[in-house]
Every structure is written in C-alpha cells, then in structure tokens.
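Reader: I am new to this structure and would like to get to know it through one part. Could you choose a single part, look at it closely, and then show me what surrounds it?

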Amino acid sequence: MLAPFQNRRHTGGMSSEQTPSEQLLRDAGLRVTAPRLAVLAALLASDAHPDAGVIAQAARARLGTLSTQSAYNVLHALVDAGLVRRIKPAGGPERYETRAGDNHHHLVCRICGAIADVDCATGETPCLTAAHDAGFAIDEAEVIYWGRCPRCLAAEAAGPAG
Ligand SMILES: [Zn+2]
Ligand SMILES: [Zn+2]
C-alpha cells in the first residue's frame, strides 16, 4: 500500500479512551497488540532517534517483558506500515522515529552519535536533483549532515577532561 501516511493526525480534541499509540495503529490498519502499543509509546516519548535496544528496554519497562527480537519484529511492522521511519547513519545501529510522514533530514554528531532533525527545504522526495540519473527513476535523496553537536563542541572548548 502506498497511501501517504498523514503523521500525527491525533491533534487532541476528541476525547476517547484510545491512547495516541492505539489510534495510530488503528489508523494504519494494524492490529492493536500490547507489544506494538508499548514500542510505539516508547518511540512517541523520545525525540532522540533511539536504536532498537533502547526502544526494547523502554517498551519492556512498560510491558514487564519483551524480547529484543520481538521489539525488532514490531519495529519492522511499524516501518512497513509507514508509522515509523528507520534511518541508519554509517557506522552506527539503525535508529527509529515516529516522524515518518515528511522528508526531513538529519544532523549526526560524529563524536557522540546524537541525532537531530532538520526540515527539508523543499519538503518532498527527492529534494535534490542528481547531476545525472543514469536511467534510474530516482525517488529519494538521503541527506545526512555530519558534524559535532553543541554538547561535544562545548566539551571540546572546555579542553580535555580529566
Ligand atoms: Zn556529540
Ligand atoms: Zn528524524
């Protein structure tokens, strides 16, 4: 299915018993299960683009028990459904986020691996025009800005710590 997913349609108002996670799963046509709810809730609570291990740990705290493999399976289902976006900066593990409906880019710190969002200038994929396409039908340009985050810059400025 290629239906573009409208990110975060649940903008308050309607008071129902459904949690944001439950609403998102239903909207995406996914079966609502406890592991999916826990993983999605853990992701919604973080803007740090956590990796699967961190997500599994947070979901486990909500559920009581959840294997890392189960967390992976849930994450893959959520990515396939367009609810979650997966990015994989070179040299690190896959990272996940719920901001999945747009074409934003990422700033990645070379030192500590911190990731921050950057809005896409044009908003649509592919936002860059290739110098030539070699006959390919291009549908995405993956942009990562590499550098040093404010914390690492501050630590550098403060000199080598003991
Ligand atoms: Zn850093
Ligand atoms: Zn992001």
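**A close look at helix α4**

Author: On the face of α4 that points away from its buried side sit the exposed residues Gln69 and Asp80. Two words in that sentence need their cut-offs: a residue is buried when 20 or more other C-beta atoms lie within 10 Å of its own, exposed when there are 12 or fewer, and partly exposed in between, with C-beta atoms placed from the backbone. Helices and strands are DSSP runs numbered from the N terminus, a helix (H or I) having at least four residues and a strand (E) at least two.

Before going on, please keep in mind that this is a predicted model, in which local features need pLDDT of at least 70 and side-chain atom pairs count only at pLDDT 80 or more, while totals for chains, interfaces and linings use all residues. Residues are numbered from 1 along each chain as its sequence is written, and chains are lettered from A and ligands numbered from 1 in the order in which they are written.

Now turn α4 around. Its buried residues are Ala71, Val74, Leu75 and Leu78. They take up an arc of only 100° around the axis, so they lie on the same side of α4; the arc is that of the directions from the helix axis to the C-beta atoms. Along its length, the 13 residues of α4 should span 18 Å at 1.5 Å a residue, and this agrees with its end C-alpha atoms, which are 18 Å apart. The expected span is 1.5 Å times one less than the number of residues. Just after α4 comes Gly82, with a positive phi of about 85°.

What lies over that buried side? The cover of the buried residues of α4 includes α2, α3 and β2. Here contact means that the C-beta atoms of two residues, placed from the backbone, lie within 7 Å.

One of these neighbours, α3, makes a good second stop. Helix α3 covers residues 52-63, and its end C-alpha atoms are 16 Å apart, in agreement with the 16 Å that its 12 residues should span at 1.5 Å a residue. Ala52, Ile55, Ala56, Ala58 and Ala59 are the buried residues of α3. Looking down the axis of α3, you find these residues within an arc of 170°, so they line one face of the helix. Gly53 and Ala61 are exposed residues on the face turned away from that side. Over the buried residues of α3 lie, among others, α2 (34-44), α4 (68-80) and β2 (95-97). Gly64, just after α3, takes a positive phi of about 100°.

Two residues of α3 show these contacts in detail. Ile55 touches Val39, Ala42, Leu43, Pro50, Ala71, Leu75 and Tyr96, leaving out residues up to four places away in sequence. Arg62 is also in helix α3, and it is partly exposed because 15 other C-beta atoms lie within 10 Å. With residues up to four places away again left out, Arg62 touches Ala38, Ala41 and Ala42. Arg62 and Ala42 are 20 residues apart in sequence, and their C-alpha atoms are 8.3 Å apart.

Next comes the core. In soluble globular proteins, nonpolar side chains tend to be buried together. A nonpolar core is a set of buried Ala, Val, Leu, Ile, Met, Phe, Trp, Tyr and Cys residues joined through C-beta atoms within 7 Å. The largest one has 21 residues, of which Val39, Ile55, Ala59, Ala71 and Leu75 touch the most other members. At least two residues of this core come from each of α1 (20-27), α2, α3 and α4. The greatest contribution, 6 residues, is that of α2.

Finally, step back to the protein chain as a whole. It has 5 helices and 5 strands, running α-α-α-α-β-β-β-β-β-α from the N terminus. Of its 162 residues, 19% count as buried. Among contacts with a separation of 6 or more, 44% link residues 24 or more positions apart. Beyond the helices, there is an open sheet of 3 strands in the order β4-β3-β5, with mixed pairing; strands pair if DSSP finds at least two bridges between them. At its edges stand β4 and β5, each with a single partner strand, so one side of each has no neighbour in the sheet.
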